[in-house]
Amino acid sequence: MLMFTLSSTVAQGQQNFKGHEFPKLGYDYNALEPYIDAQTMEIHYSKHHRAYYDNFMKAAKDSKLAQTPLEKIFETISKESATVRNNAGGFYNHNLFWEVMTPKQGEIPAALRQAIEKEFGSLDSFKQKFADAAKTRFGSGWAWLIVDNQGKLKVTSTPNQDNPLMDVAEEKGIPILGLDVWEHAYYLKYQNKRADYVDNFWNVVNWQTVNDRYQKAKR
Ligand code: MN3
């Protein structure tokens, strides 16, 4: 009976997946000014993110990848080509990135704040740790706040377009906050000053979404 229930759930999950879609941006290109400029947003979303999506779709065409959720693909990404790894990663990472930013920042929800304080001591020490991960990631990559398989919050970073859902990641977990530290994410406005870009990121973090992702990841 249990077997039947489990396999039904899996089958249902696959039926519900309607294929990979390029997401709509939930705000205008200039909405995150002055912290992220409109030109950077436009190029980043409509060119960079779009290219990851298009290249992934081209690579996935006529294979089971076209009908497999990204989270599932990442579980065995080491078996895929570099093209699939880089572009599926770039597609997913930017989907998350746009979602965890907002022009209308609210208070951090109590549940998330408490979990952060429990793990990192204080919100400020968490921010410090996350910012350090972002600033010290050599070359291109991402900084992450993840929920590991024990339900614990952790800060980590990945190179290139890898992410913590991938079997190749040093620290694995479900990402609930991510910051793109590729130069294309900040160079027009900040040039070589990645640290200023990272510090300004806190002004646009969508804590509500991060909390929603946290609650979902814990389940
Ligand atoms: Mn990017």
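User: What makes a residue nonpolar, polar or charged in the lining of the largest pocket, and how many fall in each class?

Analyst: Ala, Val, Leu, Ile, Met, Phe, Trp, Tyr, Cys and Pro count as nonpolar, Asp, Glu, Lys and Arg as charged, and the others, Gly among them, as polar. On that scheme the lining has 14 nonpolar, 10 polar and 10 charged residues. This is a predicted model, in which local features need pLDDT of at least 70 and side-chain atom pairs count only at pLDDT 80 or more, while totals for chains, interfaces and linings use all residues. Residues are numbered from 1 along each chain as its sequence is written, and side-chain values use heavy atoms, with hydrogens and water left out.

User: Why is this called a pocket, and which residues lie nearest its centre?

Analyst: On a 1 Å grid over the protein atoms alone, a pocket is an open set of points with protein on both sides within 12 Å along at least five of seven lines; a set where a 1.4 Å probe fits but cannot get out would be a cavity. A residue belongs to the lining if it has an atom within 4 Å of a point. There are 34 such residues, and P69, E71, Y92, R213 and K216 lie nearest the centre. The volume, about 1,100 Å³, is the space filled by probe spheres set on the grid points, which are joined across faces, edges and corners.

User: Which helices supply at least two residues of that lining, and what makes a stretch a helix?

Analyst: Helices are DSSP runs of H or I with at least four residues, strands are runs of E with at least two, and both are numbered from the N terminus. Helix 1 (2–16), helix 3 (70–74), helix 4 and helix 9 (207–218) each supply at least two lining residues. Helix 4 gives the largest share, six residues.

User: Why does K216 count as exposed?

Analyst: Exposed means over 50% relative accessible area, buried under 20%, and partly exposed in between (1.4 Å probe, protein chains only). K216, in helix 9, has 64% relative accessibility and therefore counts as exposed.

User: How do you know which residues are donors to the manganese ion?

Analyst: Donors are N, O and S atoms within 2.8 Å of the metal (3.2 Å for Na, K and Ca). H44 (NE2), H94 (NE2), D180 (OD) and H184 (NE2) coordinate the ion at 1.9 to 2.1 Å, so they pass that cut-off. Water is not among the atoms, so a site may look incomplete. The spacing of the donor residues in sequence is H-x49-H-x85-D-x3-H. H94 in helix 4 (residues 82–99) and H184 in the loop between strand 3 (174–180) and helix 7 (187–190) are 90 residues apart, and the pair links distant parts of the chain.

User: Are H94 and H184 buried or exposed?

Analyst: H94 has a relative accessible area of 0%, so it is buried. H184, at 19%, is buried too.

User: Why are strand 1 and strand 2 said to pair?

Analyst: Two strands pair if DSSP finds at least two bridges between them. Strand 1 (residues 141–147) and strand 2 (residues 153–159) have seven bridges, in the antiparallel sense. The bridge partner of A143 is S157, and V147 stands opposite L153. The two strands form a hairpin with five residues between them, where G151 in the turn has a positive phi of about 80 degrees.

User: What makes strand 2 and strand 3 edge strands?

Analyst: Six bridges join strand 1 to strand 3, also antiparallel, with D180 as the bridge partner of W142. The open sheet of three strands has the order 2-1-3. Strand 2 and strand 3 each have a single partner strand, so one side of each is left without a neighbour in the sheet.

User: How do you know that strand 1 is mostly covered?

Analyst: Seven of its seven residues are buried. G141, A143, L145 and V147 point one way, and W142, W144 and I146 the other way. In a regular strand the side chains alternate between the two faces of the sheet.

User: What is unusual about the backbone at D62 and at the E33–P34 bond?

Analyst: Most residues other than glycine have a negative phi, and most peptide bonds are trans. D62 has a positive phi near 65 degrees, and a cis peptide bond joins E33 and P34, with omega about 0 degrees. D62 is exposed, with a relative accessible area of 77%.
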